[in-house]
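Work through the exercises below with the sequence and the model open. Try each task before reading its solution.

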Amino acid sequence: MAKSPKPASGVEKVMKTIKDHSVKIIDLKFTDLIGQWQHFSVTTSAFDSDIFEDGIGFDGSSIRGFQKIHESDMLLFPDPGSAFLDPFTEVPTLSLICDIADPITHENYSRDPRHIAKKAEAYLRSTGLADTAFFGPEPEFFILDHVRFDQSHQFGYYYLDSDEGAWNSGASGEPNLGHKPRMKEGYFPAPPIDSLQDLRSEMVLTMQDVGIPVEVHHHEVATAGQTEIDMHRDTLVKMADNYLLYKYVTKNVAKKHGKTVTFMPKPIFGDNGSGMHVHQSLWKGGKPLFSGSGYAGLSEMAMYYIGGLLKHAPALCAITNPTTNSYKRLVPGYEAPVNLAYSQRNRSASVRIPMYSSNPKAKRIEFRCPDPTCNPYIGFAALLMAGLDGIINKIDPGKPLDKDIYDMTPEQLSDVPSTPGSLAASLEALENDHEFMLRGDVFTEDVIDTWVEYKKEKEIAPMALRPHPYEFLLYYDA
């Protein structure tokens, strides 16, 4: 009797894809510490299966948050399971997401965000509490028609525009057909007020073509093209991979149509900012662990997980809300959850328990503080570590807050803790509270120190030194 053919390995599938699709270029992608894809390309003649074992070199000193110049040589190791055909290149191109290693020892690089995410998944399994963590982020972003910004010694400005912008309701020149979503009324009237249906659909279909399952897309609350596209949940590392691919797709589809996408949390004054609510659940042996008979149908484990998130939220914000602009969104009054409380259905709480379904497999918690500038690898890893700390130490999240927090008086809110008011305050919280992230060597002191140092030196200090345009309105005639 003939033996069944041996299943093809991931490497064999990649090499077959290269041949079957007449691929000419291999694009190698990896993530810097801040969370942006970096890449370089090689020809198929310079690429063979040995690269998956031997790696390929690059200069780590030119990458944000990586090596010093005297120790710059690093290796990339492509992950064959991450391969996708690039939908935006004219030349047939196969993209591969890579892991980073030391060229001498071949040990994984401790500052590689993808490695940190992998260690978080390994630590979860080592605890015996669960074997799988599912993440479902909901990134929001703006699709704009025009952007200008510049900064020098004697000037600084930005200018954004969108055909949809409420401020264009009186624009003259080209035909003005009206139907602009008013400020805070973009959620979610039908076309023609929502002018981006087809563009979002193209983004969604492109995502599906490159392997990202998508559940829903719609216009968001703000005017000027604020949008949300939601991916189907996945495991931590896979979802982080998908999120950076999601950004790649949305930006390039927009560019193809002469538009531009920004994931800045607060690009427009006076309207809603862009968040990234993150749904989370733990599973073991194919069974959900967050479903139970407690509050909102949650298990005791889920309640402790919430306790961990709420306890460590100020420190988490340094990673999940990692820009100075993040704290222009994370203020009261714009549906941003600054008050650290939990509730079922209540979108004004920082932790919400969705109540759409009674199916135990759908039971999850939603952490609403993060925004889309978050590096998903270290952001999701940090959230998991905080939740696990809650479970291990049985951290009680307290009583739920089942009322509109924004309608509560200051006296009523006096006992409800809140998120930090600035990136500097979040970084200080992280410096004082990160022991929970060091378990299992998931994060290291070096990673935390590098993150804090980079943010202070490259973002906070330069912002503090420069005059703000609004200061001229306030003080020029002083």
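**Exercise 1. Count the disulfides in this predicted model, and account for Cys317 and Cys374.**

Solution.
- Step 1. Set the cut-off: two cysteine sulfur atoms must lie within 2.5 Å.
- Step 2. Test Cys317. Its closest cysteine sulfur belongs to Cys369, at 5.0 Å, so the pair is too far apart for a bond.
- Step 3. Test Cys374. The nearest cysteine sulfur is that of Cys317, 11 Å away, and Cys374 is in no disulfide.
- Step 4. Give the total: 0 disulfides.
- Step 5. Add the surroundings. Cys317 has 0% relative accessibility and counts as buried. Cys374 is buried too, with a relative accessible area of 2%.

**Exercise 2. Find which residues of helix H10 are buried, and decide how they sit around the axis.**

Solution.
- Step 1. Helix H10 covers residues 423–432. Its buried residues are Leu423, Ser426, Leu427, Ala429 and Leu430.
- Step 2. Recall helix geometry. An α-helix has 3.6 residues a turn, so residues three or four places apart point the same way.
- Step 3. Check the arc. The buried residues of H10 cover only 155 degrees around the axis, and therefore lie on the same side of the helix.
- Step 4. Look for the cover. It includes helix H6 (300–320) and helix H7 (326–329). Helix H11 (435–438) and helix H12 (445–465) also contribute.

**Exercise 3. Place Ala254 in the fold: is it buried or exposed, and what does it contact beyond its sequence neighbours?**

Solution.
- Step 1. Locate Ala254 in helix H5, residues 236–256.
- Step 2. Read the accessibility. At 0%, Ala254 counts as buried, because the limit for that class is under 20%.
- Step 3. Leave aside neighbours within four places in sequence. Ala254 then contacts Met203, Lys259, Thr260 and Val261.
- Step 4. Compare sequence with space. Glu202 is 52 residues from Ala254 in sequence, yet their C-alpha atoms are 9.5 Å apart.

**Exercise 4. Does the radius of gyration of the protein agree with that of a compact globule or disagree?**

Solution.
- Step 1. Take the expected value. For 478 residues, a compact globule would have a radius of gyration near 23 Å.
- Step 2. Compare. The protein has 23 Å, so the two agree.
- Step 3. Add the extents. The C-alpha trace spans about 80 × 60 × 50 Å along its principal axes.
- Step 4. Add burial. Buried residues make up 51% of the 478.
- Step 5. Check the contacts. Among those between residues at least 6 apart in sequence, 69% join residues at least 24 apart.
- Step 6. Finish with the surface. About 22700 Å² is exposed, and carbon and sulfur atoms supply 52% of it.

Methods. Residues are numbered from 1 along each chain as its sequence is written. This is a predicted model: local features need pLDDT of at least 70, side-chain atom pairs count only at pLDDT 80 or more; totals for chains, interfaces and linings use all residues. Side-chain values use heavy atoms; hydrogens and water are left out. Buried means under 20% relative accessible area, exposed over 50%, partly exposed in between (1.4 Å probe, protein chains only). Helices (H or I, at least four residues) and strands (E, at least two) are DSSP runs, numbered from the N terminus. The arc is that of the directions from the helix axis to the C-beta atoms. Contact means heavy atoms within 4.5 Å. The radius of gyration is taken over C-alpha atoms; the globule rule is 2.2 Å times the number of residues to the power 0.38. Accessible areas come from the Shrake-Rupley method with a 1.4 Å probe; for residues, only the protein chains shown count as cover.
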